[in-house]
Amino acid sequence: MARPHSPRITLIALILLAGVAAVCLSLGSWQLRRADERRAVLAAIEAGRSQAPLALSAASVPGDFAAWRPARAQGQWLAQYSVWLDNRNHDGRPGYWLATPLALAPGGPAVLVLRGWLPRQPGAAPVAPAAPPGSVAVQGELAAHVPRLFELWNAGGSATLPVRLAPGQLPTVQNLDLSAYAQATGLRLLPVVLMQTSAAGDGLLRDWPQPSVDFHQNQGYALQWFSFATIAVLAAVALAWRAWRRRPLP
């Protein structure tokens, strides 16, 4: 014997199915936007790396500082203004990045160089490898800024950069803003960061992380959400059709 038809229950079910379909459509659209963002990042990386290597100098202009562009710099290390960047993991191992400015010419500007990664030693402070004296050549890729980590507060050793950085202080910070660093050191910096890739025999690892660019994954997720939305719509249509067929006849 068929159960009696309840228009109220049917209406509630249709509203719930419509809500499920709307949420799934929204999530699918969000995944497509994320795919577009990752595709744009991939295009920027490929465009930067396809450009000719840039020789950094006082004459370099910001228009030449495309992210991921190969670059080289010749100058002298200002190791007294080095900074440790804390909580920079590599393959799941905690560690530090070492950032040191390179003076491009006497009295001229400097460029901040991310020299490499050093693993954290339990119970021991990081020890910076000695910077070679005299003029050195450094090769790497450009970045618009020092990659940031999300932070809720500053605590422990990972504090903010001092207002005035004394030579040889070697602070440890979580993030490093170029403007604040230039003000703390008094250096005239190029508005760009050089991520060193050339070998230096200093024990630092130079395997820099890259943003995730697997936009195909987001497209796959979007297809799943749109499939769920389609199922919800078909279920709503079937429910409405069943309710219409079971409606009381006059």
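# A guided tour of the model

Start with the whole chain on screen: from the N terminus on, its elements run α-β-β-β-β-β-β-β-α-β-α. The radius of gyration, which is taken over C-alpha atoms, is 28 Å, well over the 18 Å that the globule rule gives for 250 residues, so the protein is more spread out than a compact globule. That rule is 2.2 Å times the number of residues to the power 0.38. In total there are 3 helices and 8 strands; these are DSSP runs numbered from the N terminus, with helices being H or I of at least four residues and strands E of at least two.

Before you click further, note that this is a predicted model, in which local features need pLDDT of at least 70 and side-chain atom pairs count only at pLDDT 80 or more, while totals for chains, interfaces and linings use all residues. Residues are numbered from 1 along each chain as its sequence is written, and side-chain values use heavy atoms, with hydrogens and water left out.

**Stop 1: the overall view.** Turn the C-alpha trace around and you will find that it spans about 100 × 45 × 30 Å along its principal axes. Now switch on the surface: the protein exposes about 14,600 Å², and carbon and sulfur atoms supply 62% of it. These areas come from the Shrake-Rupley method with a 1.4 Å probe; for residues, only the protein chains shown count as cover. Buried residues make up 36% of the 250, where buried means under 20% relative accessible area, exposed over 50%, and partly exposed in between (1.4 Å probe, protein chains only).

Next, colour by charge. There are 21 positive and 12 negative side chains, and the centres of the two sets lie 14 Å apart. Lys and Arg count as positive and Asp and Glu as negative, while His and the chain ends are not counted. Each charge is placed at NZ of Lys, CZ of Arg, CG of Asp or CD of Glu.

**Stop 2: residues 225-244.** Select this span, which UniProt marks as "transmembrane region" in an unreviewed entry. UniProt positions follow the numbering used here, feature names are shortened, and annotations may be inferred rather than shown by experiment. In the model the span is 100% helix and 0% strand, and its end C-alpha atoms lie 29 Å apart.

**Stop 3: Pro101.** Go to strand β4, where you will find Pro101. With a relative accessible area of 0%, Pro101 is buried. Show its surroundings: beyond the neighbours within four places in sequence, its contacts (heavy atoms within 4.5 Å) include Trp77, Tyr81, Leu112, Tyr181 and Leu187. You can also draw a C-alpha to C-alpha line from Pro101 to Arg188; the two are 87 residues apart in sequence and 10 Å apart in space. As for the chain as a whole, among contacts between residues at least 6 apart in sequence, 68% join residues at least 24 apart.

**Stop 4: the loop between β3 and β4.** Asn87 sits in the loop between β3 (83-85) and β4 (95-103), and Asp91 is placed in the loop between β3 and β4 as well. Most residues other than glycine have a negative phi. Here, phi of Asn87 is near 60°, a positive value, and phi of Asp91 is near 55°, also positive. Asn87 counts as partly exposed at 35% relative accessibility, whereas Asp91 is exposed at 70%.

**Stop 5: Ala143.** Select strand β6 (residues 135-143), which holds Ala143. Ala143 is buried, with a relative accessible area of 10%. Not counting residues up to four places away in sequence, Ala143 touches Val192, Val193 and Met195. From C-alpha to C-alpha, Ala143 and Ala66 are 7.6 Å apart, with their positions 77 residues apart in sequence.

**Stop 6: Ala55.** Strand β1 (residues 54-55) is the place of Ala55, which is partly exposed at 39% relative accessible area. Outside the residues up to four places away in sequence, Ala55 touches Ser60 and Arg72. Its C-alpha atom is separated by 8.3 Å from that of Gln74, 19 residues apart along the chain.

**Last stop: Ala199.** Finish in the loop between β8 (189-196) and α3 (215-245), where Ala199 lies. Ala199 is exposed, with a relative accessible area of 78%. The C-alpha atoms of Ala199 and Leu142 are separated by 17 Å, and the two residues are 57 apart along the chain.
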